[in-house]
Amino acid sequence: MDERLLRFFVAVYEEKNLSRAAEKCFVSQPNISNGIKQLEEIIGKELFTRHKRGVVLKESAHYLYPIAKRILGELQSIPSIFKEEKFHQKVVIGIADSLSQQFKSEFFQNVSEKIQNIEWDVRAMHRDCELNLLVREWKFEAHLFLPIWKENYVLCVPDSHPLIEKEEIHLSDLSGEPFIHCPPCEAHQQSLSILNSSDKKWNTVANCSTKTEVLSLLMAGLGISFLPEYFAKNWNGFQIKDYVGPKYYREIGLSYSKESLKNEAVKEIVELYS
């Protein structure tokens with residue numbers, strides 16, 4: 001449908017006179033009359049009853065008027081929307097459990113400063129998300145991984161534990177001590193393997209599926225554990241101690257599929273960290 005037909009209709013509706021509507025639209029009266037006839041043929045309804053003094057509005061005109069005003073308003077706003085870049089690029093991102101607030105806030109702040117007008121859809125990590133902020137070991141099959149940070153694991157000891165008095169703690173000091181274990185954790189697996197190879201064992205008092213659960217039991221004083229440094233900071237009930245032994249760390253970054261790069265915003269984020 002020609003936009004001019006709607007403009008002619010709105011002018012006639014508001015002026016209730018063909019001559020004044022023609023002046024308003026800067027066209028001749030025959031152009032207005034022909035335009036109204038075309039519009040009536042398109043919708044199959046008569047909009048006005050003509051008489052010598054002007055027009056009488058029919059029910060169909062009252063129904064069409066707000067629709068026509070909305071459409072014309074939206075058409076008029078299109079150039080300004082793109083000129084002012086008010087449109088947003090949507091990105092679906094999954095966030096892994098146990099990532100520190102420092103890493104998450106740093107990521108969102110950095111991306112928002114460098115790439116404008118992103119609308120985030122934040123979810124728990126999932127293979128269907130366009131991006132996932134997670135630990136390398138949790139990367140989904142067939143996804144690519146882009147490392148951003150390395151985070152060290154630190155030894156955490158409850159305030160009430162005897163080891164809290166030691167300046168330095170060695171791996172051998174952990175033998176027989178109550179340990180809060182997180183089987184999916186690489187640092188825990190490696191520590192356990194090293195202790196077992198030296199004929200020493202820790203005393204597992206709990207097995208936790210997430211680091212958040214480890215943190216809760218650690219704060220309750222049930223045992224010692226290794227936790228990611230920034231995840232463990234600023235909590236009460238335990239201390240981070242100097243540890244003389246194998247050093248462990250985890251890589252945190254972005255997991256994404258090649259298909260996700262079809263989203264220009266995702267492509268820009270990946271390029272920003274590459």
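Which residues in α1 meet α3? In this predicted model, L5, F8, F9 and V12 are the residues of α1 that meet α3, and their partners in α3 are N31, I32, G35, I36, Q38, L39 and I42. The axes of α1 and α3 lie 9 Å apart, and the two helices pack at an angle of about 110°. Because angles from 65 to 115 degrees count as roughly perpendicular, α1 and α3 are described as roughly perpendicular to each other.

Helix α3 also packs against α2, in this case at an angle of about 100° and with the axes 8 Å apart, so that α2 and α3 are likewise roughly perpendicular to each other. The contact is made on the α2 side by L18, S19, A21, A22 and C25, and on the α3 side by Q29, I32 and S33. Residue I32 of α3 thus appears in the contact with α1 and again in the contact with α2. Of the α2 residues in this contact, C25 has a relative accessibility of 23% and counts as partly exposed, since the buried class is confined to values under 20%.

The loop between α1 (3–15) and α2 (18–25) contains K16. The backbone of K16 has a positive phi of about 55°, although the residue is not a glycine, and K16 is partly exposed, with a relative accessibility of 41%. A second case of this kind is N117, a residue other than glycine whose phi is positive and near 60°. N117 is placed in the loop between α5 (101–114) and β4 (118–124), and at 25% relative accessibility it too counts as partly exposed.

Charged side chains form 15 salt bridges in the structure. One of them joins D2 and R4, with a distance from N to O of 3.1 Å; D2 is partly exposed, at a relative accessible area of 33%, whereas R4 is exposed, at 52%. Another salt bridge is formed between the side chains of E15 and K24, with an N to O distance of 3.7 Å. Both partners are partly exposed, E15 having a relative accessible area of 24% and K24 one of 40%. The residues E15 and K24 also belong to a network of salt bridges in which they are linked with E14, R20 and K69.

A further salt bridge brings together the side chains of E40 and R50, at 3.3 Å from N to O. This pair links distant parts of the chain, since E40 lies in helix α3 (residues 29–43) and R50 in strand β1 (residues 48–51), with their positions 10 residues apart in numbering. The two partners fall into separate accessibility classes: E40 is buried, with a relative accessible area of 12%, while R50, at 36% relative accessibility, counts as partly exposed. Helix α3 therefore takes part in the packing with α1 and with α2, and through E40 it is joined to strand β1 by a salt bridge.

Helix α7 (residues 211–219) was examined for its buried positions, which include K211, V214, L215 and L218. These residues cover an arc of only 100° around the axis, which puts them on the same side of α7. The elements that cover the buried residues of α7 include the strands β6 (144–158), β8 (178–181), β10 (225–228), β11 (238–244) and β12 (249–256), together with the helix α8 (229–232). After α7 comes G221, a residue whose phi is positive and near 85°.

A search of the whole structure for disulfides finds 0 of them. In the case of C208, the nearest cysteine sulfur is that of C182, at a distance of 6.7 Å, and C208 is accordingly in no disulfide, because a disulfide requires two cysteine sulfur atoms within 2.5 Å. C208 is buried, with a relative accessible area of 4%, whereas C25 in the contact between α2 and α3 is partly exposed.

Technical notes:
Residues are numbered from 1 along each chain as its sequence is written. This is a predicted model: local features need pLDDT of at least 70, side-chain atom pairs count only at pLDDT 80 or more; totals for chains, interfaces and linings use all residues. Side-chain values use heavy atoms; hydrogens and water are left out. Buried means under 20% relative accessible area, exposed over 50%, partly exposed in between (1.4 Å probe, protein chains only). Helices (H or I, at least four residues) and strands (E, at least two) are DSSP runs, numbered from the N terminus. A salt bridge is a side-chain nitrogen of Lys or Arg within 4 Å of a carboxyl oxygen of Asp or Glu. The arc is that of the directions from the helix axis to the C-beta atoms. Contact means heavy atoms within 4.5 Å. Axes are lines fitted to C-alpha atoms, for helices over the stretch in contact, and angles run from 0 to 180 degrees between N-to-C directions. Angles under 35 degrees count as roughly parallel, over 145 as roughly antiparallel, 65 to 115 as roughly perpendicular and the rest as oblique.
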